[in-house]
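Please examine the sequence and the structure shown below before reading on. The paragraphs that follow lead through the open pockets, the enclosed space, the surface and the backbone in turn.

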Amino acid sequence: MLQPFGPEIWLSDGAPIKAALGFHYPTRMAVMRLLDGSVAIWSPTALTPEGLEEIQQLGPIYALIAPNTLHHMHLADWVRACPDAEVVAVPSLEKKRRDLLVDTFLTETGYSLWPGEFDHVLLETRITSEAVFFHHASGTVLFTDLLQQMPRTWYKGWRSWVARLDLMTEDEPTVPWKFRIAISDRDAARRRVDTILNWPIQQVVMAHGTPVTDDAQAFLKRAFQWL
């Protein structure tokens with residue numbers, strides 16, 4: 001079910017998904033209605049007929065966004081269900097998913113199809129290239145994997161210890177250790193984070209963690225203080 005999260009933005013939590021070594025992650029997508037009445041879907045979760053119908057009631061689906069190279073597992077189903085939608089992805093997804101026809105790649109020059117509605121920056125790590133979005137209408141920053149926070153009881157056994165050491169189960173969302181050490185160009189990362197912090201942020205959404213709605217800019221400064 002879609003949950004309103006601000007002007008022209010809705011969130012929907014999907015089923016958990018399994019990754020390497022048996023780790024499972026909660027999933028979340030964001031649905032944003034554009035000025036022309038069409039809809040963009042960020043990080044699509046598992047497709048269901050009910051979910052598709054609910055989104056279509058907001059407006060025609062114009063774009064399907066894969067914001068990094070890890071969040072693409074359900075994209076092909078959405079493409080089949082929405083053949084007229086633009087597929088928007090980070091450039092490095094092309095090598096990973098040769099079966100997907102990407103219409104527009106997210107580059108540092110911005111996405112001109114949505115002037116004044118979104119900004120984005122690319123944060124590069126050796127694990128993934130992630131496009132961090134800013135949705136102007138709601139003042140929302142959207143992170144995919146670079147910020148995470150799972151409940152302490154989310155994992156069991158040795159996985160709970162690994163998650164704790166990786167900072168995945170902290171008291172507030174933060175950047176896991178694996179992504180911190182995977183940044184090869186820290187100067188470039190700092191510049192991009194500075195760009196993010198200069199946005200007029202009101203709230204923060206992540207695919208794997210509790211959204212932040214109170215003092216969001218101060219939260220992001222804490223989350224990236226290590227950098």
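Which element gives the most to the lining of the largest pocket? The answer is β3, which contributes 3 residues. The reader should bear in mind throughout that this is a predicted model.

The largest pocket holds about 540 Å³ of space. Its lining is made up of 27 residues, and those lying nearest the centre of the pocket are A19, Y25, L70, D145 and H208. Besides β3, which spans residues 24-33, the elements that each supply at least two lining residues are β2 (9-18), β10 (140-148) and α5 (177-180). Strands and a helix therefore both take part in this lining, since the names β and α stand for strands and helices. In chemical class, the lining of the largest pocket has 13 nonpolar residues, 8 polar residues and 6 charged residues.

The second largest pocket contains about 170 Å³ of space. It is lined by 14 residues, and M1, S12, A46, T48 and G51 are the closest to its centre. Two or more residues of this lining come from β2 and from α1, the latter covering residues 49-56. The element that gives the most here is β2, with 4 residues. The strand β2 thus deserves attention in both places: it supplies at least two residues to the lining of the largest pocket, and it gives 4 residues to the lining of the second largest pocket. By class, the second lining has 6 nonpolar, 5 polar and 3 charged residues.

The discussion now turns from pockets to enclosed space. Rolling a probe the size of a water molecule over the atoms reveals where empty space remains. How many cavities of 30 Å³ or more are counted in this model? The count comes to 1. The largest cavity holds about 70 Å³ of space. The residues that line it are L123, E124, T125, L146, V175, I183, A189, V193, F224, W226 and L227. At least two of these lining residues are supplied by β8 (118-124), and at least two by α6 (186-197). The lining of this cavity divides into 9 nonpolar residues, 1 polar residue and 1 charged residue.

On the surface, L21, W158 and V162 make a nonpolar patch of about 320 Å². One member of this patch, V162, lies in helix α4, which covers residues 158-165. Why can V162 belong to a surface patch? The relative accessible area of V162 is 37%; a patch residue must have over 30%, so V162 meets this condition. With that value, V162 is described as partly exposed.

Finally, two residues are notable for their backbone angles. Phi of E8 is near 60 degrees, a positive value in a residue other than glycine. E8 lies in the loop between β1 (3-6) and β2. Is E8 buried or partly exposed? Its relative accessibility is 31%, and E8 therefore counts as partly exposed. The other residue is D215, which is not glycine either and has a positive phi near 50 degrees. D215 is found in the loop between β11 (203-208) and α7 (216-223). The relative accessible area of D215 is 58%, so D215 is exposed.

Key: Residues are numbered from 1 along each chain as its sequence is written. This is a predicted model: local features need pLDDT of at least 70, side-chain atom pairs count only at pLDDT 80 or more; totals for chains, interfaces and linings use all residues. Side-chain values use heavy atoms; hydrogens and water are left out. On a 1 Å grid over the protein atoms alone, a cavity is a set of points where a 1.4 Å probe fits but cannot get out, and a pocket is an open set with protein on both sides within 12 Å along at least five of seven lines; lining residues have an atom within 4 Å of a point. Grid points are joined across faces, edges and corners, and a volume is the space filled by probe spheres set on the points. Ala, Val, Leu, Ile, Met, Phe, Trp, Tyr, Cys and Pro count as nonpolar, Asp, Glu, Lys and Arg as charged, and the others, Gly among them, as polar. Patches are made of residues with over 30% relative accessible area and no salt bridge: like charges are joined within 9 Å, nonpolar side chains (Val, Leu, Ile, Met, Phe, Trp, Tyr) within 5 Å. Accessible areas come from the Shrake-Rupley method with a 1.4 Å probe; for residues, only the protein chains shown count as cover. A salt bridge is a side-chain nitrogen of Lys or Arg within 4 Å of a carboxyl oxygen of Asp or Glu. Buried means under 20% relative accessible area, exposed over 50%, partly exposed in between (1.4 Å probe, protein chains only).
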